[in-house]
Amino acid sequence: MSTNLDELIEDTVLLQCSVNGKDREEMIPPCTSLLDWLRDDLRLTGTHMGCMTGHCGACTVMVDGRVAKSCITLAATVQRKQITTLEGLKQNGALSPVQQAFWDEAGFQCGFCAPGMLLTATELLQENPNPTDDEIRSAIAGNLCRCTGYQSIVRAVRAAARAMEQTKQP
Amino acid sequence: MSLHPQYARPRSAAQAVELLGGLGAGAVVIAGGQELMPHVNYGKLMPTVYVDIGALPELKGIREADGVVSIGALTVHRELQKDALVQKALPLLSYAAGVVGGGWQVQNRGTVGGNIVALHPLYDIIPPLLALGAEVEILAARGTRRAPLAAVIVETSHGLGSQALIVRVLVRATSPGTGWAYEKLKVTEGAYGSVNAAAVVAMDGSKLSAARLVIGAVAERPIDASAALKGLLGRPFDPRAAQDFETACASLVTQPMNDQQGDAGWRRAMAGVVARRALTAAVARATAR
(Lines give C-alpha, C1' and ligand atoms only; values in the text may rest on other atoms or scores of the structure.)
Protein backbone atom coordinates (compact mmCIF):
# COMPACT_ATOMS: atom_id res chain seq x y z
CA MET A 1 0.00 0.00 0.00
CA SER A 2 1.31 3.42 -0.86
CA THR A 3 2.50 5.66 1.96
CA ASN A 4 -0.21 8.28 1.58
CA LEU A 5 -2.91 5.60 2.02
CA ASP A 6 -1.16 4.26 5.12
CA GLU A 7 -1.34 7.73 6.57
CA LEU A 8 -5.13 7.61 6.37
CA ILE A 9 -5.30 4.73 8.85
CA GLU A 10 -5.51 5.98 12.41
CA ASP A 11 -5.23 4.24 15.78
CA THR A 12 -7.27 6.94 17.48
CA VAL A 13 -9.81 9.35 16.06
CA LEU A 14 -9.99 13.05 16.76
CA LEU A 15 -13.72 13.55 17.23
CA GLN A 16 -14.94 17.10 16.87
CA CYS A 17 -18.64 17.69 17.36
CA SER A 18 -21.09 19.64 19.44
CA VAL A 19 -22.98 18.02 22.29
CA ASN A 20 -25.97 19.91 23.67
CA GLY A 21 -24.58 23.13 22.23
CA LYS A 22 -21.10 22.70 23.64
CA ASP A 23 -18.15 22.08 21.30
CA ARG A 24 -16.22 18.91 22.04
CA GLU A 25 -12.86 17.77 20.79
CA GLU A 26 -11.54 14.43 21.99
CA MET A 27 -9.31 11.59 20.95
CA ILE A 28 -11.31 8.36 21.03
CA PRO A 29 -10.67 4.71 20.15
CA PRO A 30 -12.16 4.02 16.69
CA CYS A 31 -14.48 1.28 17.99
CA THR A 32 -16.29 3.58 20.47
CA SER A 33 -20.04 3.74 20.00
CA LEU A 34 -21.73 7.10 20.35
CA LEU A 35 -23.60 5.60 23.33
CA ASP A 36 -20.39 4.67 25.18
CA TRP A 37 -18.78 8.00 24.43
CA LEU A 38 -21.76 9.97 25.76
CA ARG A 39 -22.28 7.82 28.85
CA ASP A 40 -18.74 6.85 29.85
CA ASP A 41 -16.64 9.80 28.69
CA LEU A 42 -19.09 12.70 28.97
CA ARG A 43 -21.15 11.15 31.82
CA LEU A 44 -24.38 12.02 30.01
CA THR A 45 -26.21 9.08 31.50
CA GLY A 46 -29.67 10.21 30.40
CA THR A 47 -28.94 8.22 27.26
CA HIS A 48 -29.86 4.67 28.29
CA MET A 49 -28.26 1.43 27.21
CA GLY A 50 -30.82 -1.20 26.27
CA CYS A 51 -30.54 -3.92 23.67
CA MET A 52 -27.38 -2.88 21.76
CA THR A 53 -29.00 -4.12 18.54
CA GLY A 54 -30.97 -1.04 17.56
CA HIS A 55 -34.36 -2.47 18.44
CA CYS A 56 -35.41 -0.81 21.70
CA GLY A 57 -34.62 2.88 21.18
CA ALA A 58 -33.62 3.60 24.82
CA CYS A 59 -30.29 4.99 23.55
CA THR A 60 -31.93 7.49 21.17
CA VAL A 61 -30.17 10.83 20.69
CA MET A 62 -30.41 13.46 17.96
CA VAL A 63 -27.77 13.91 15.28
CA ASP A 64 -28.31 17.24 13.51
CA GLY A 65 -31.89 17.30 14.78
CA ARG A 66 -32.76 13.77 13.59
CA VAL A 67 -33.15 10.87 15.99
CA ALA A 68 -30.57 8.09 15.90
CA LYS A 69 -29.86 5.04 18.02
CA SER A 70 -26.53 5.82 19.65
CA CYS A 71 -25.71 2.16 20.42
CA ILE A 72 -25.50 1.41 16.69
CA THR A 73 -23.84 4.70 15.73
CA LEU A 74 -20.05 4.67 15.64
CA ALA A 75 -18.90 7.83 17.45
CA ALA A 76 -16.28 8.50 14.76
CA THR A 77 -19.06 8.91 12.18
CA VAL A 78 -20.67 11.94 13.85
CA GLN A 79 -17.76 14.19 12.97
CA ARG A 80 -18.78 17.89 13.03
CA LYS A 81 -22.40 17.00 13.78
CA GLN A 82 -24.64 18.49 16.45
CA ILE A 83 -25.62 15.92 19.06
CA THR A 84 -28.58 16.46 21.37
CA THR A 85 -29.19 14.17 24.32
CA LEU A 86 -31.93 14.17 26.94
CA GLU A 87 -29.81 16.59 28.97
CA GLY A 88 -29.97 19.07 26.08
CA LEU A 89 -33.77 19.21 25.85
CA LYS A 90 -34.37 21.65 28.70
CA GLN A 91 -35.09 25.21 27.70
CA ASN A 92 -33.83 28.09 29.87
CA GLY A 93 -33.38 25.71 32.77
CA ALA A 94 -37.00 24.48 32.65
CA LEU A 95 -38.54 21.36 31.15
CA SER A 96 -39.24 21.58 27.42
CA PRO A 97 -42.94 21.45 26.43
CA VAL A 98 -42.51 17.79 25.47
CA GLN A 99 -40.86 16.96 28.82
CA GLN A 100 -43.55 18.89 30.71
CA ALA A 101 -46.34 17.05 28.86
CA PHE A 102 -44.77 13.66 29.64
CA TRP A 103 -44.59 14.72 33.30
CA ASP A 104 -48.19 15.97 33.38
CA GLU A 105 -49.64 12.98 31.55
CA ALA A 106 -47.47 10.33 33.24
CA GLY A 107 -45.96 9.43 29.88
CA PHE A 108 -43.68 6.88 31.54
CA GLN A 109 -43.71 4.39 34.38
CA CYS A 110 -40.27 2.93 35.02
CA GLY A 111 -38.76 5.68 32.86
CA PHE A 112 -36.20 3.56 31.04
CA CYS A 113 -37.63 4.31 27.59
CA ALA A 114 -38.43 7.95 28.45
CA PRO A 115 -35.26 9.63 27.10
CA GLY A 116 -35.74 8.00 23.72
CA MET A 117 -39.47 8.71 23.66
CA LEU A 118 -38.86 12.38 24.50
CA LEU A 119 -36.30 12.85 21.73
CA THR A 120 -38.41 11.05 19.12
CA ALA A 121 -41.49 13.03 20.16
CA THR A 122 -39.42 16.22 19.86
CA GLU A 123 -38.42 15.42 16.27
CA LEU A 124 -41.99 14.43 15.43
CA LEU A 125 -43.46 17.70 16.70
CA GLN A 126 -40.79 19.78 14.97
CA GLU A 127 -41.75 18.14 11.70
CA ASN A 128 -45.47 17.72 12.24
CA PRO A 129 -46.89 20.07 14.92
CA ASN A 130 -50.33 18.44 14.91
CA PRO A 131 -49.92 14.67 14.46
CA THR A 132 -52.78 12.18 14.53
CA ASP A 133 -52.63 9.25 16.98
CA ASP A 134 -51.62 6.99 14.08
CA GLU A 135 -48.81 9.36 13.14
CA ILE A 136 -47.62 9.45 16.75
CA ARG A 137 -47.63 5.64 16.99
CA SER A 138 -45.82 5.36 13.69
CA ALA A 139 -43.16 7.89 14.76
CA ILE A 140 -42.43 6.08 18.04
CA ALA A 141 -42.31 2.64 16.38
CA GLY A 142 -38.55 2.56 17.03
CA ASN A 143 -38.99 3.08 20.78
CA LEU A 144 -40.16 0.17 22.91
CA CYS A 145 -41.99 0.68 26.20
CA ARG A 146 -42.77 -2.36 28.34
CA CYS A 147 -44.84 -0.54 30.98
CA THR A 148 -47.42 1.85 29.61
CA GLY A 149 -48.92 0.05 26.63
CA TYR A 150 -48.16 3.37 24.92
CA GLN A 151 -51.52 4.91 25.91
CA SER A 152 -50.10 7.57 28.20
CA ILE A 153 -47.20 8.21 25.85
CA VAL A 154 -49.51 8.96 22.92
CA ARG A 155 -51.59 11.14 25.25
CA ALA A 156 -48.46 13.01 26.36
CA VAL A 157 -47.37 13.69 22.77
CA ARG A 158 -50.86 14.99 21.98
CA ALA A 159 -50.71 17.24 25.07
CA ALA A 160 -47.26 18.49 24.05
CA ALA A 161 -48.60 19.36 20.59
CA ARG A 162 -51.46 21.34 22.14
CA ALA A 163 -49.13 23.15 24.54
CA MET A 164 -46.71 24.07 21.76
CA GLU A 165 -49.59 25.32 19.59
CA GLN A 166 -50.84 27.55 22.41
CA THR A 167 -47.46 29.12 23.15
CA LYS A 168 -46.61 29.66 19.48
CA GLN A 169 -45.74 33.25 18.73
CA PRO A 170 -48.28 34.88 16.40
CA MET B 1 -1.28 -3.67 11.97
CA SER B 2 -2.70 -2.76 15.31
CA LEU B 3 -4.24 -5.12 17.85
CA HIS B 4 -7.10 -2.67 18.21
CA PRO B 5 -9.52 -1.64 15.48
CA GLN B 6 -8.27 1.23 13.36
CA TYR B 7 -10.13 3.85 11.41
CA ALA B 8 -9.75 5.53 8.04
CA ARG B 9 -11.68 8.26 6.32
CA PRO B 10 -10.83 8.23 2.61
CA ARG B 11 -11.36 11.47 0.71
CA SER B 12 -12.75 10.02 -2.50
CA ALA B 13 -14.49 6.86 -3.65
CA ALA B 14 -11.43 5.91 -5.70
CA GLN B 15 -9.25 6.28 -2.62
CA ALA B 16 -11.69 4.18 -0.58
CA VAL B 17 -11.50 1.36 -3.11
CA GLU B 18 -7.70 1.56 -3.28
CA LEU B 19 -7.57 1.48 0.51
CA LEU B 20 -9.91 -1.52 0.73
CA GLY B 21 -7.79 -3.30 -1.86
CA GLY B 22 -4.73 -2.99 0.36
CA LEU B 23 -6.42 -4.06 3.59
CA GLY B 24 -7.21 -7.60 4.67
CA ALA B 25 -10.62 -9.21 4.88
CA GLY B 26 -11.10 -7.75 8.39
CA ALA B 27 -11.63 -4.25 7.03
CA VAL B 28 -15.24 -3.09 6.93
CA VAL B 29 -17.00 -0.27 5.15
CA ILE B 30 -19.12 1.89 7.42
CA ALA B 31 -21.62 4.63 6.62
CA GLY B 32 -24.79 4.67 8.76
CA GLY B 33 -23.64 1.57 10.63
CA GLN B 34 -27.19 0.28 11.10
CA GLU B 35 -26.37 -3.19 9.77
CA LEU B 36 -22.75 -3.35 10.90
CA MET B 37 -22.92 -2.12 14.49
CA PRO B 38 -25.31 -4.74 15.93
CA HIS B 39 -22.92 -7.40 14.62
CA VAL B 40 -19.97 -5.61 16.24
CA ASN B 41 -21.83 -5.11 19.53
CA TYR B 42 -22.57 -8.81 19.75
CA GLY B 43 -19.05 -9.86 18.88
CA LYS B 44 -20.09 -11.53 15.63
CA LEU B 45 -17.77 -9.27 13.72
CA MET B 46 -14.48 -7.81 14.89
CA PRO B 47 -13.32 -5.32 12.27
CA THR B 48 -9.61 -4.57 11.96
CA VAL B 49 -10.20 -1.26 10.17
CA TYR B 50 -13.37 0.80 9.83
CA VAL B 51 -13.34 2.51 6.44
CA ASP B 52 -15.76 5.41 6.85
CA ILE B 53 -17.32 6.30 3.51
CA GLY B 54 -19.94 8.60 5.07
CA ALA B 55 -18.51 11.82 3.66
CA LEU B 56 -17.75 10.73 0.09
CA PRO B 57 -19.38 13.22 -2.29
CA GLU B 58 -19.69 10.73 -5.19
CA LEU B 59 -22.05 8.62 -3.07
CA LYS B 60 -24.39 11.48 -2.20
CA GLY B 61 -27.40 13.20 -3.73
CA ILE B 62 -30.40 12.33 -5.86
CA ARG B 63 -30.71 13.55 -9.45
CA GLU B 64 -32.51 12.70 -12.67
CA ALA B 65 -31.13 12.59 -16.21
CA ASP B 66 -32.82 11.16 -19.33
CA GLY B 67 -35.62 9.62 -17.29
CA VAL B 68 -33.26 7.75 -14.96
CA VAL B 69 -33.12 8.66 -11.27
CA SER B 70 -29.63 8.33 -9.85
CA ILE B 71 -29.62 7.81 -6.09
CA GLY B 72 -26.37 8.10 -4.16
CA ALA B 73 -25.59 5.00 -2.09
CA LEU B 74 -25.44 7.16 1.07
CA THR B 75 -29.05 8.33 0.69
CA VAL B 76 -30.88 7.43 3.89
CA HIS B 77 -34.37 5.90 3.97
CA ARG B 78 -35.93 9.07 5.32
CA GLU B 79 -34.59 11.01 2.31
CA LEU B 80 -36.05 8.43 -0.09
CA GLN B 81 -39.34 8.87 1.70
CA LYS B 82 -39.34 12.68 1.64
CA ASP B 83 -37.40 13.67 -1.46
CA ALA B 84 -39.75 15.36 -3.95
CA LEU B 85 -38.07 13.79 -6.98
CA VAL B 86 -38.25 10.25 -5.55
CA GLN B 87 -41.86 10.79 -4.47
CA LYS B 88 -42.82 11.82 -7.98
CA ALA B 89 -40.62 9.56 -10.12
CA LEU B 90 -40.41 6.47 -7.88
CA PRO B 91 -43.41 6.52 -5.54
CA LEU B 92 -43.07 2.77 -4.85
CA LEU B 93 -39.53 3.21 -3.52
CA SER B 94 -40.48 6.31 -1.53
CA TYR B 95 -43.37 4.46 0.13
CA ALA B 96 -41.34 1.32 0.90
CA ALA B 97 -38.58 3.40 2.51
CA GLY B 98 -41.17 4.73 4.96
CA VAL B 99 -42.09 1.26 6.24
CA VAL B 100 -38.51 0.13 6.86
CA GLY B 101 -38.39 -1.37 10.36
CA GLY B 102 -36.54 0.01 13.37
CA GLY B 103 -38.34 3.35 13.50
CA TRP B 104 -37.32 6.84 12.47
CA GLN B 105 -33.91 6.34 14.07
CA VAL B 106 -32.96 3.58 11.63
CA GLN B 107 -34.62 5.38 8.71
CA ASN B 108 -32.57 8.51 9.53
CA ARG B 109 -29.23 6.66 9.51
CA GLY B 110 -29.62 3.56 7.33
CA THR B 111 -28.54 4.04 3.72
CA VAL B 112 -29.86 2.54 0.50
CA GLY B 113 -26.39 1.19 -0.29
CA GLY B 114 -26.11 -0.42 3.13
CA ASN B 115 -29.56 -1.94 2.81
CA ILE B 116 -28.59 -3.58 -0.50
CA VAL B 117 -25.20 -4.82 0.71
CA ALA B 118 -26.77 -6.26 3.88
CA LEU B 119 -28.75 -8.62 1.62
CA HIS B 120 -31.00 -9.34 4.57
CA PRO B 121 -33.98 -11.41 3.42
CA LEU B 122 -36.41 -9.47 5.63
CA TYR B 123 -35.45 -5.95 4.54
CA ASP B 124 -37.75 -3.74 2.51
CA ILE B 125 -35.66 -2.02 -0.15
CA ILE B 126 -34.48 -4.76 -2.51
CA PRO B 127 -37.96 -6.06 -3.54
CA PRO B 128 -39.19 -2.64 -4.75
CA LEU B 129 -35.87 -1.94 -6.48
CA LEU B 130 -36.10 -5.29 -8.28
CA ALA B 131 -39.71 -4.61 -9.27
CA LEU B 132 -38.53 -1.29 -10.71
CA GLY B 133 -35.69 -2.97 -12.64
CA ALA B 134 -32.98 -1.03 -10.78
CA GLU B 135 -29.33 -1.09 -11.72
CA VAL B 136 -26.34 -0.33 -9.51
CA GLU B 137 -23.10 1.46 -10.27
CA ILE B 138 -20.21 -0.36 -8.66
CA LEU B 139 -16.70 0.98 -8.21
CA ALA B 140 -13.80 -1.45 -7.89
CA ALA B 141 -10.06 -1.15 -8.45
CA ARG B 142 -10.52 -2.10 -12.11
CA GLY B 143 -13.03 0.70 -12.63
CA THR B 144 -16.74 1.45 -12.61
CA ARG B 145 -19.32 -0.99 -13.88
CA ARG B 146 -23.07 -0.89 -14.12
CA ALA B 147 -25.07 -4.04 -13.47
CA PRO B 148 -28.70 -4.99 -12.90
CA LEU B 149 -29.39 -5.30 -9.17
CA ALA B 150 -30.97 -8.71 -9.88
CA ALA B 151 -27.61 -9.98 -11.14
CA VAL B 152 -25.61 -8.47 -8.29
CA ILE B 153 -27.62 -10.05 -5.48
CA VAL B 154 -27.46 -13.60 -6.84
CA GLU B 155 -24.15 -14.43 -5.22
CA THR B 156 -24.06 -14.81 -1.46
CA SER B 157 -21.07 -12.45 -1.36
CA HIS B 158 -23.46 -9.94 -3.01
CA GLY B 159 -21.29 -10.11 -6.12
CA LEU B 160 -19.25 -7.12 -5.05
CA GLY B 161 -16.33 -8.55 -3.16
CA SER B 162 -14.99 -6.75 -0.13
CA GLN B 163 -13.02 -4.33 -2.25
CA ALA B 164 -15.87 -2.78 -4.22
CA LEU B 165 -18.37 -0.06 -3.35
CA ILE B 166 -21.91 0.58 -4.50
CA VAL B 167 -21.70 4.18 -5.64
CA ARG B 168 -25.19 4.84 -6.97
CA VAL B 169 -28.52 3.13 -7.55
CA LEU B 170 -30.08 3.86 -10.94
CA VAL B 171 -33.81 3.50 -11.46
CA ARG B 172 -35.87 4.44 -14.51
CA ALA B 173 -38.64 6.85 -13.47
CA THR B 174 -42.06 5.21 -13.34
CA SER B 175 -44.19 6.34 -16.31
CA PRO B 176 -47.36 8.23 -15.53
CA GLY B 177 -50.31 5.89 -15.24
CA THR B 178 -48.25 3.04 -13.84
CA GLY B 179 -49.84 1.35 -10.85
CA TRP B 180 -47.66 0.36 -7.92
CA ALA B 181 -48.03 -1.10 -4.46
CA TYR B 182 -45.90 -2.35 -1.59
CA GLU B 183 -47.55 -4.69 0.89
CA LYS B 184 -45.83 -5.75 4.09
CA LEU B 185 -47.29 -8.29 6.48
CA LYS B 186 -46.00 -7.46 9.94
CA VAL B 187 -47.00 -7.93 13.55
CA THR B 188 -46.31 -4.40 14.71
CA GLU B 189 -45.21 -1.13 13.20
CA GLY B 190 -41.43 -1.06 13.10
CA ALA B 191 -41.14 -4.84 12.90
CA TYR B 192 -39.66 -7.08 10.23
CA GLY B 193 -42.09 -8.29 7.62
CA SER B 194 -43.22 -11.92 7.52
CA VAL B 195 -43.82 -11.49 3.80
CA ASN B 196 -43.60 -8.43 1.60
CA ALA B 197 -44.41 -7.83 -2.04
CA ALA B 198 -43.65 -4.98 -4.44
CA ALA B 199 -45.75 -4.61 -7.58
CA VAL B 200 -45.62 -2.39 -10.66
CA VAL B 201 -48.33 -2.70 -13.33
CA ALA B 202 -49.43 -1.10 -16.60
CA MET B 203 -53.05 -1.39 -17.72
CA ASP B 204 -54.61 -1.29 -21.18
CA GLY B 205 -58.16 -0.40 -20.28
CA SER B 206 -59.27 -3.11 -17.88
CA LYS B 207 -56.60 -5.53 -19.11
CA LEU B 208 -53.24 -6.04 -17.50
CA SER B 209 -50.66 -5.18 -20.19
CA ALA B 210 -47.43 -5.46 -18.19
CA ALA B 211 -46.52 -6.27 -14.60
CA ARG B 212 -43.59 -7.01 -12.33
CA LEU B 213 -43.96 -8.36 -8.85
CA VAL B 214 -41.26 -9.38 -6.40
CA ILE B 215 -41.94 -11.25 -3.16
CA GLY B 216 -39.57 -10.72 -0.23
CA ALA B 217 -39.06 -11.93 3.35
CA VAL B 218 -40.30 -15.45 2.61
CA ALA B 219 -37.10 -17.09 1.32
CA GLU B 220 -33.37 -16.38 1.50
CA ARG B 221 -33.58 -14.47 -1.78
CA PRO B 222 -36.39 -12.35 -3.22
CA ILE B 223 -38.72 -14.23 -5.56
CA ASP B 224 -39.52 -12.81 -8.99
CA ALA B 225 -43.17 -13.67 -9.67
CA SER B 226 -42.95 -13.23 -13.45
CA ALA B 227 -43.86 -16.88 -14.01
CA ALA B 228 -47.08 -16.44 -12.02
CA LEU B 229 -47.93 -13.25 -13.93
CA LYS B 230 -47.63 -14.75 -17.40
CA GLY B 231 -51.15 -16.11 -17.61
CA LEU B 232 -52.63 -12.81 -16.46
CA LEU B 233 -51.28 -10.51 -19.16
CA GLY B 234 -53.73 -9.38 -21.83
CA ARG B 235 -56.69 -10.38 -19.65
CA PRO B 236 -58.94 -8.32 -17.40
CA PHE B 237 -57.71 -8.51 -13.83
CA ASP B 238 -60.78 -9.86 -12.02
CA PRO B 239 -61.20 -11.71 -8.69
CA ARG B 240 -60.76 -15.05 -10.45
CA ALA B 241 -57.43 -13.89 -11.95
CA ALA B 242 -56.37 -12.60 -8.53
CA GLN B 243 -57.13 -15.97 -6.93
CA ASP B 244 -55.18 -17.84 -9.65
CA PHE B 245 -52.28 -15.48 -9.07
CA GLU B 246 -52.32 -16.12 -5.31
CA THR B 247 -52.12 -19.88 -5.86
CA ALA B 248 -49.38 -19.53 -8.46
CA CYS B 249 -47.29 -17.28 -6.21
CA ALA B 250 -47.53 -19.65 -3.25
CA SER B 251 -46.25 -22.46 -5.46
CA LEU B 252 -43.21 -20.36 -6.42
CA VAL B 253 -42.04 -20.53 -2.80
CA THR B 254 -40.11 -23.80 -2.83
CA GLN B 255 -37.85 -23.13 0.17
CA PRO B 256 -39.75 -20.91 2.61
CA MET B 257 -37.97 -19.54 5.65
CA ASN B 258 -38.89 -20.83 9.07
CA ASP B 259 -38.05 -18.21 11.69
CA GLN B 260 -39.49 -15.92 14.36
CA GLN B 261 -41.60 -14.18 11.69
CA GLY B 262 -43.55 -17.39 11.06
CA ASP B 263 -43.20 -21.05 10.15
CA ALA B 264 -42.54 -22.31 6.63
CA GLY B 265 -46.04 -23.47 5.72
CA TRP B 266 -47.62 -20.25 6.88
CA ARG B 267 -44.98 -18.17 5.07
CA ARG B 268 -45.71 -19.98 1.79
CA ALA B 269 -49.46 -19.45 2.16
CA MET B 270 -49.03 -15.80 3.11
CA ALA B 271 -46.69 -15.22 0.17
CA GLY B 272 -49.63 -15.86 -2.14
CA VAL B 273 -51.98 -13.68 -0.11
CA VAL B 274 -49.59 -10.73 0.15
CA ALA B 275 -48.64 -10.97 -3.54
CA ARG B 276 -52.34 -10.95 -4.50
CA ARG B 277 -52.97 -7.93 -2.28
CA ALA B 278 -50.03 -6.06 -3.80
CA LEU B 279 -51.09 -6.80 -7.38
CA THR B 280 -54.72 -5.89 -6.63
CA ALA B 281 -53.66 -2.60 -5.01
CA ALA B 282 -51.36 -1.76 -7.91
CA VAL B 283 -54.12 -2.44 -10.45
CA ALA B 284 -56.54 -0.31 -8.41
CA ARG B 285 -54.01 2.54 -8.35
CA ALA B 286 -53.47 2.29 -12.12
CA THR B 287 -57.19 2.32 -12.90
CA ALA B 288 -58.13 4.99 -10.34
CA ARG B 289 -56.68 7.80 -12.41
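**Exercise 1.** Find what the buried residues of α5(B) pack against in this predicted model, and name those buried residues.

*Solution.* Step 1: the buried residues of α5(B) pack against three helices and strands of chain B, among them α3 (77-82), α4 (84-89) and α8 (126-131), as well as β8 (165-172), β9 (179-186) and β10 (193-204). Step 2: α5 of chain B spans residues 91-98, and its buried residues are B:L92, B:L93, B:S94, B:A96 and B:A97.

**Exercise 2.** Determine how many residues the largest nonpolar core has, and which helix gives the largest share of this core.

*Solution.* Step 1: the largest nonpolar core has 151 residues. Step 2: the residues with the most contacts inside this core are B:V51, B:A199, B:L213, B:A275 and B:A278. Step 3: helix α12 of chain B, residues 264-287, contributes the largest share, 9 residues. Step 4: take B:A278 and set aside its neighbours within four places in sequence; B:A278 is then in contact with B:A181, B:Y182, B:E183, B:A197, B:A198, B:A199 and B:L213. As a general background, nonpolar side chains in soluble globular proteins tend to be buried together.

**Exercise 3.** Describe the side of chain A that touches chain B: its elements and its division into nonpolar, polar and charged residues.

*Solution.* Step 1: the contact involves 34 residues of chain A and 30 residues of chain B. Step 2: on chain A, at least two residues each come from β1 (9-10), β5 (66-69), α4 (114-127) and α5 (133-139). Step 3: of the elements of chain A, β5(A) gives the most to this side, 4 residues. Step 4: the residues of this side are 17 nonpolar, 11 polar and 6 charged. Step 5: β1(A) is joined by 2 bridges to strand β1 of chain B, residues 6-8, and the two run antiparallel. Step 6: in this pairing A:E10 stands opposite B:Y7 of β1(B).

**Exercise 4.** For A:N20 and A:N92, state the phi value, the place in chain A, and whether the residue is exposed or partly exposed.

*Solution.* Step 1: most residues other than glycine have a negative phi. Step 2: A:N20 is not a glycine, yet its phi is positive, near 50°. A:N20 lies in the loop between β2 (13-19) and β3 (22-28) of chain A. Step 3: A:N20 has 19 other C-beta atoms within 10 Å, so this residue is partly exposed; a buried residue would need 20 or more. Step 4: A:N92, also not a glycine, has a positive phi of about 50°. A:N92 sits in the loop between β6 (82-84) and α3 (97-104) of chain A. Step 5: A:N92 counts as exposed because it has 5 C-beta neighbours inside 10 Å, and the limit for exposed is 12 or fewer.

Conventions. Residues numbered from 1 in each chain as written. Chains lettered and ligands numbered in written order. Predicted model: local features only at pLDDT ≥ 70, side-chain atom pairs only at ≥ 80, totals over all residues. Core = buried A, V, L, I, M, F, W, Y, C linked by C-beta atoms within 7 Å. Contact = placed C-beta atoms within 7 Å. Nonpolar A, V, L, I, M, F, W, Y, C, P; charged D, E, K, R; others polar. Pairing = 2+ DSSP bridges.
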